[in-house]
Amino acid sequence: MGLLAMAMLMAGCSTQQPLERPAIDVPDHFKEAGRLGGESDIWKQARTDLSSDGLQVPARWWTLYGDATLDTLQEEAQAGSQTLAQAIARVRAAEASVASSRAALFPTLGTTASGSRARTGGGSYSNSSGENVARSGSINNTYSLGLNASWEVDLWGRVSGTVSASEASAAASRFDLAAARLSLQASVAQTYFSIRAAEAQQRLLKETLQAYEQSWQLTQNRYRSGVASSADVAQAESQYKSTQAQLIESQSTRAQLEHALAALLGKVPASFDLPETGVLPAPPMVPAMLPSQLLERRPDIASAERSMAAANAQVGVARAAYFPSLTLSASGGYRNSSLSNLLSLPNLFWSLGPSLALSLFDGGARSAAVESARAQLDLTAATYRGTVISALQEVEDNLVVASSLAEESTVQNEAAAAARKALTVANNQYKAGIVAYLNVLSAQTTVLSAERSLIDLHNRRLVAVNTLLKNVAGNWDGQPGNLATGSAKE
């Protein structure tokens with residue numbers, strides 16, 4: 001009993017150490033935020049040590065684009081994505097691991113029943129006269145029925161540390177699920193925009209082909225009239241055929257993108273068909289300033305922090321191996337040679353007592369386990385710091401891209417307008433016989449290039465804003481949405 005009392009006193013001791021999150025110099029503003037204008041007094045220091053399950057990502061952040069077809073595709077992706085199904089399965093496994101580790105906090109209870117029949121003695125031996133003499137033996141029956149219980153007293157926090165590690169790992173899995181869901185949503189949106197951009201390119205090329213066909217026909221008529229040369233006809237035909245080849249390539253690109261979108265939705269390409277519209281949604285406006293607490297909602301940062309917490313708990317578990325383990329055990333039941341009166345008081349037996357176990361020599365296995373756990377903690381800490389730094393870089397990069405592309409689109413619109421004006425002048429001059437067809441050809445090429453650049457810029461702006469939304473976990477204003485990290489039951 002004295003040993004038990006001492007054990008209960010020592011139960012308050014623990015080898016677990018508090019988690020010390022690595023210091024990270026998170027600036028109070030983004031370097032590139034000034035490109036969008038605004039005041040800097042709305043910044044708030046980001047709290048990148050988020051460790052609770054309160055992290056939330058807006059459930060339908062893609063509705064900022066105002067595209068009903070995209071809304072439908074996102075719902076289909078949530079239901080059919082195999083990547084998401086894998087993440088959900090990993091969360092279920094992690095939650096089961098938590099339940100398994102918690103079971104060690106409670107006593108185990110079992111029952112046994114056995115029956116045996118054995119013979120002792122018997123056989124024969126040779127006497128002094130050399131004669132074989134039979135030896136009498138006995139046959140005994142033994143029957144037993146009992147219960148046994150055992151419980152490891154968590155003196156040094158080994159069991160509780162294991163529970164803490166599994167709980168942190170499960171939380172990391174839930175954040176990984178949220179990150180996988182966010183990544184899937186961003187990929188669906190980006191692929192959808194690329195499809196619409198390819199359709200817009202097709203429509204432009206088809207319209208251009210009609211204009212080029214008219215120009216080709218015009219040069220043929222002028223050639224038959226003796227006004228134009230055969231070189232003009234050949235140049236017009238070459239331009240027409242070259243544009244035809246571009247259209248075929250654009251159609252091939254669109255088909256491959258549709259296949260990629262089908263895979264994201266968890267469908268085979270043969271069963272998926274997206275009606276063509278050729279219309280790209282307008283990019284949402286990026287706010288003049290983005291609050292730095294947006295990093296608090298990034299599930300990849302939260303997952304890295306919880307992985308670090310799990311590794312920290314494992315260090316305590318490894319250190320606990322240096323101390324003795326105390327197990328309380330008890331057993332009782334009935335044992336007799338006859339089954340008929342087995343359950344009677346004279347046949348009752350029981351035992352109760354604690355046991356201590358301590359490894360005295362293990363060849364350095366325990367010290368190696370502690371060093372391995374500490375190395376894993378250092379690894380997860382470095383991963384956590386790297387994740388935060390990468391998050392800041394991604395936001396800075398896409399702030400530059402989003403603002404630069406908006407400015408570039410304005411300039412490119414002006415360039416396209418000037419190219420169309422130059423084409424009109426060149427056509428009139430060619431019909432009047434003032435300039436050669438080469439001038440018209442050059443103006444037409446410039447217009448097509450400018451128009452295609454406009455479509456490409458529109459798509460790139462959508463991709464940049466979409467990536468920036470992914471970087472800030474789907475919300476501009478820093479307010480939590482209505483979708484938590486999710487669970488394996490979704």
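Among contacts in the chain that join residues at least 6 apart in sequence, 83% link residues at least 24 apart. The structure you have in front of you is a predicted model, and what follows is a friendly walk through it.

**The chain as a whole**

The chain contains eight helices and eight strands. Of its 490 residues, 40% are buried. Its accessible surface comes to about 25500 Å², and carbon and sulfur atoms account for 54% of that area.

**Aromatic rings and their neighbours**

How many aromatic pairs does a search of the whole structure find? The search finds six. One of them brings together tyrosine 430 and tyrosine 437: the ring centres are 5.2 Å apart and the planes meet at 65°, so the pair is edge-to-face. The cut-off behind that label is an angle over 60 degrees between the planes. As a general point, the distance of the centres and the angle of the planes are what describe a pair of aromatic rings.

Are the two tyrosines buried or exposed? Tyrosine 430 has a relative accessibility of 3%, so it counts as buried. Tyrosine 437 is buried too, with a relative accessible area of 1%. Tyrosine 430 also has a charged neighbour, since arginine 222 lies over the face of its ring, at 4.4 Å from the ring centre.

Elsewhere, arginine 335 lies over the face of phenylalanine 349, and here the distance to the ring centre is 4.0 Å. Ring pairs also link Tyr65, Tyr192 and Phe193 into a cluster.

**The largest pocket**

The largest pocket has a volume of about 260 Å³. Its lining is made of 18 residues, and those nearest the centre are Ala211, Ser215, Leu423, Asn427 and Gln444. Which helices each supply at least two residues of this lining? They are α4 (158–224), α7 (365–431) and α8 (437–471). Helix α4 gives the largest share, with seven residues.

**Three buried residues in helices**

It is worth pausing at three residues, each placed in a helix. The table sets them side by side.

| Residue | Helix | Relative accessible area |
|---|---|---|
| Aspartate 71 | α2 (residues 68–80) | 16% |
| Serine 101 | α3 (residues 82–102) | 10% |
| Asparagine 471 | α8 | 4% |

Why does serine 101 count as buried? Its relative accessibility is 10%, and a residue is called buried because its relative accessible area is under 20%. By that rule aspartate 71, at 16%, is buried, and so is asparagine 471, at 4%.

Their surroundings can be described as well. Leaving aside neighbours within four places in sequence, aspartate 71 is in contact with Arg60, Trp62 and Thr63. With the same neighbours set aside, serine 101 is in contact with Val159, Thr162, Val163 and Ser166.

Asparagine 471 sits in helix α8, one of the helices that supply at least two residues to the lining of the largest pocket. Its C-alpha atom is separated by 9.9 Å from that of serine 390, although the two residues are 81 residues apart along the chain.

Definitions and conventions: Residues are numbered from 1 along each chain as its sequence is written. This is a predicted model: local features need pLDDT of at least 70, side-chain atom pairs count only at pLDDT 80 or more; totals for chains, interfaces and linings use all residues. Side-chain values use heavy atoms; hydrogens and water are left out. Rings of Phe, Tyr and Trp (its six-membered ring) pair if their centres lie within 6.5 Å; planes under 30 degrees apart count as stacked, over 60 as edge-to-face and the rest as tilted. Buried means under 20% relative accessible area, exposed over 50%, partly exposed in between (1.4 Å probe, protein chains only). A charge sits over a ring if NZ of Lys or CZ of Arg is within 6 Å of the ring centre and within 35 degrees of the ring normal. Contact means heavy atoms within 4.5 Å. Accessible areas come from the Shrake-Rupley method with a 1.4 Å probe; for residues, only the protein chains shown count as cover. On a 1 Å grid over the protein atoms alone, a cavity is a set of points where a 1.4 Å probe fits but cannot get out, and a pocket is an open set with protein on both sides within 12 Å along at least five of seven lines; lining residues have an atom within 4 Å of a point. Grid points are joined across faces, edges and corners, and a volume is the space filled by probe spheres set on the points.
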